[in-house]
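Here's a quick tour for anyone meeting this structure for the first time. Take a look at it, then read on.

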Amino acid sequence: MDMEAARLRLMQQLSYEIRDKRVLEVMSRVPRELFVPPSSQHAAYENIPLPIEMGQTISQPFIVALMTEALELKGGEKVLEVGTGSGYQTAILCELSKWVVTVERHQRLLEKARNVLALLEIKNVEFHIAGKALGWPEGAPYDAIIVTAGAPRVPRELTDQLAVDGRLVIPVGSRFEQELMKVVKRKEGPESINLGGCRFVPLIGDSAWDDE
Ligand code: SAH
């Protein structure tokens, strides 16, 4: 299978809805096949989420593009990602910003993602195992925060880690389906925009869902 051709075909599809050319350009270079299990490599460029280890999923390419676009990255930002998972979204963030702090609950996923990013020679990133506090307060403030797991509400801990005029993109709703919310932290208070429905695995933590 010609992965390069499949990748470009997918980008062509995404370009009908995604306007940010930088996002599409980066996604047309990052090899998603390296982030999925060998048994699903043939499906790496279908516009669908795929199972990874530890019962988690690599997000659908359209959702990755939509969330990344909403972060409005220009190149100089410090970005926090909550939920490293496969590391695919992480790699895209690294290509579009200055520094990425990524946090994951599962050591096994973190190590795998670290290895793939090293293979791709991506170096502007630090990996952390999730602590008691949501996100990574030690690295705050962030210009942009992306959460790739569904939360019951917009967590105050995360807006606290955002710089003024920073963007937070997070799925908010039930354990099984959510609305993708973009929150911009204005001096006067938060501004929220609903980007549409989505389905993510649950965000686990004291201010999110229980680990079941
Ligand atoms: N962006 C990833 C999505 C992975 S699924 C990708 O496309 O591959 C979401 C991830 O969030 C899972 O790996 C899960 O373990 C992780 N997660 C859930 N709750 C978390 C928390 N409180 N802190 C950090 N990671 C969390």
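Helix α4 (residues 88–96; helices are DSSP runs of H or I, at least four residues, numbered from the N terminus) is largely enclosed by the rest of the structure, because 8 of its 9 residues are buried. Buried here means under 20% relative accessible area, with a 1.4 Å probe and protein chains only. Those buried residues include Tyr88, Gln89, Cys94 and Leu96.

A word on the source: this is a predicted model, where local features need pLDDT of at least 70 and side-chain atom pairs count only at pLDDT 80 or more, while totals for chains, interfaces and linings use all residues. Residues are numbered from 1 along each chain as its sequence is written, and side-chain values use heavy atoms, leaving out hydrogens and water.

Now for the ligand. It's surrounded by 24 residues (a heavy atom within 4 Å), and the closest are Thr57, Ser59, Ser86, Glu104 and Ile204. The shell splits into 11 nonpolar, 10 polar and 3 charged residues.

Here are some polar contacts, meaning pairs of N or O atoms within 3.5 Å:

| Residue | Protein atom | Ligand atom | Distance |
|---|---|---|---|
| Ser86 | polar side-chain atom | oxygen | 2.6 Å |
| Thr148 | side-chain N or O | nitrogen | 3.2 Å |
| Ile204 | backbone N or O | nitrogen | 2.6 Å |

On its own the ligand has 580 Å² of accessible area (Shrake-Rupley method, 1.4 Å probe), and the protein covers 98% of that. Strands (DSSP runs of E, at least two residues) join in too: β2 (57–58), β3 (78–82) and β4 (99–104) each give two or more residues to the shell around the ligand.

Notes. Polar contact = N/O pair within 3.5 Å; in protein donor to acceptor, adjacent residues only side chain to side chain. Nonpolar A, V, L, I, M, F, W, Y, C, P; charged D, E, K, R; others polar. Buried < 20%, exposed > 50% of the residue type's maximum accessible area, 1.4 Å probe, protein only.
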